[in-house]
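Open the model in your viewer and show side chains as sticks. This tour goes stop by stop: select, look, move on.

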Amino acid sequence: MNSSARQIADELAPGVWPGADPVSLREAARRARALAESVERVTDVVVSATAAYASPAIGGVAVEGEFGDAIVDGLAQITGAGPDSLPHVAGRLRVMAASLESFADVVVETEQQMTTIALVADRDRRRAEVFAEVGDDSWRVSASSAGRLALTAAGDDYTQRSEEAGQSAGGTPPAATSGMMPFAPMGALGGAGALGAGLGAAGLGAAIGAAGSRAGRDTTGGDLTWLRRRAENLQASVPPAIAGWFRTAVGVGVGARGRRVVVVGTNDPQPYQRAGLELADDEALTANGRAPELAIVEHMTASGITPTAIAAATPMESATLSALRAADIVAVGPGSRP
């Protein structure tokens, strides 16, 4: 990655440069495949055990009656074709590995594209400085505007292609998975995906538990009513072209000096404000590719803010709800009553 190009891009359009590390993504894909191979080896062992119980005549253990039948049925379910079976988990792990590698390719290609845009924009800005020396200062504005527009367009393209990377590998769109990554390959894991999300939620809950225990949780009903209405209005401001998968959330927290803080989160990979998305002057924007609710919590805790309540106008994932409840954060979703 060209560090100078990224610096130029950050000056022109902060937050649009891909935050994902392609090397780490490819390493995660390798580990996912290795785990899939381990699961397949376990599957072979279970299949052998099933055959031994089902056919004692070939050297297995003679187990008869209802107990023996239950053992055979249980082992067969573990190695069958169901959504919670080991072969399904191994297959979903391989899907996730393919998604991770596709996403890594998107990141690399986007970085190359943005590097070219940033360097061309920098060249144009330097040329504009020459024109400014002879009295024509208008070129400076034009050069910066063109670079900013091109970088923002590349950022939008990056978000769309990262979603497509997951779908092309058998994944599900961000609206169904609520983040983890922009393309959300974990959503395609079925039972294993829920397990991974749960482990991630547990880690998040542990990380913010100490801060949460120190905060008062007597959030007033009026504040929750406002928070829910704000979440609905925010989601309604999302452009129709992306409303099918783009999620937002609003969180309220308490700063170190007792000041009320409002943070808006999205499931974008980077916190940049999309056209049409309406933010109040006192609202901060955050995003990291995960569910917007989790992005809000991580932003607040990293900033020394204690989160108290988070609302979203679209359904939250069960793992997200578990993380919020574990941290004693009030979650306000569609259909819930403040």
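How many aromatic pairs does a search of the whole structure find? Two. Keep in mind throughout that this is a predicted model.

**Stop 1: an aromatic pair**

Select Trp245 and Phe246. Their ring centres are 6.0 Å apart. The planes meet at 85 degrees, so this pair is edge-to-face, a label used for angles over 60 degrees. A pair of aromatic rings is described by these two quantities, the distance of the centres and the angle of the planes. Now check burial. Phe246 has 2% relative accessibility and counts as buried. Trp245 is buried as well, with a relative accessible area of 13%.

**Stop 2: a charge over a ring**

Select Arg260 and Trp226. The charged end of Arg260 sits over the ring of Trp226. The distance to the ring centre is 4.6 Å.

**Stop 3: the whole chain**

Zoom out. The chain holds ten helices and five strands. It has 338 residues, and 44% of them count as buried. The exposed area is about 16400 Å², with carbon and sulfur atoms supplying 55% of it. Take the contacts between residues at least 6 apart in sequence: 65% of these join residues at least 24 apart.

**Stop 4: Ser237**

Select Ser237, in the loop between helix 8 (221-236) and strand 1 (248-254). Is Ser237 buried or exposed? Its relative accessibility is 12%, so Ser237 counts as buried, the cut-off being under 20%. Show its polar contacts. The Ser237 side chain reaches the backbone oxygen of Leu234 at 2.6 Å. A polar atom of that side chain also lies 3.4 Å from the backbone nitrogen of Glu278. Leave aside neighbours within four places in sequence, and Ser237 is in contact with Gly276, Leu277 and Glu278.

**Stop 5: Arg290 and helix 9**

Move to Arg290. It is found in the loop between strand 3 (283-286) and helix 9 (292-302). Arg290 is buried, with a relative accessible area of 17%. Which side chain does the side chain of Arg290 meet in a polar contact? Add Glu298 to the selection: the two side chains make that contact at 2.4 Å.

Stay with helix 9 and colour its buried residues. They are Pro292, Glu293, Leu294, Ala295, Ile296, Val297 and Met300. Then step just past the helix to Gly304, which takes a positive phi of about 75 degrees.

**Stop 6: Ile310**

Select Ile310, in strand 4 (residues 306-311). Ile310 is buried, and its relative accessible area is 0%. Add Ala249 and draw a distance between the C-alpha atoms. They are separated by 6.9 Å, although the two residues are 61 residues apart along the chain.

**Stop 7: helix 10**

Select residues 318-326, which make up helix 10. Colour its buried residues: Ala319, Thr320, Ala323 and Leu324. Turn the view to look down the helix axis. The buried residues fall within an arc of 135 degrees, so they line one face of helix 10. An α-helix has 3.6 residues a turn, so residues three or four places apart point the same way. Which residues are exposed on the other side of helix 10? Look for Ser318, Arg325 and Ala326.

Finish at Asp328, which follows helix 10. Its phi is positive, near 60 degrees.

Technical notes: Residues numbered from 1 in each chain as written. Predicted model: local features only at pLDDT ≥ 70, side-chain atom pairs only at ≥ 80, totals over all residues. Heavy atoms only, no water. Helix = DSSP H or I, 4+ residues; strand = E, 2+ residues; numbered from the N terminus. Buried < 20%, exposed > 50% of the residue type's maximum accessible area, 1.4 Å probe, protein only. Contact = heavy atoms within 4.5 Å. Areas by Shrake-Rupley, 256 points an atom, 1.4 Å probe, with all protein chains shown as cover. Arc of directions from axis to C-beta. Phe/Tyr/Trp six-rings, centres within 6.5 Å; stacked < 30°, edge-to-face > 60°. Lys NZ or Arg CZ within 6 Å of the ring centre and 35° of its normal. Polar contact = N/O pair within 3.5 Å; in protein donor to acceptor, adjacent residues only side chain to side chain.
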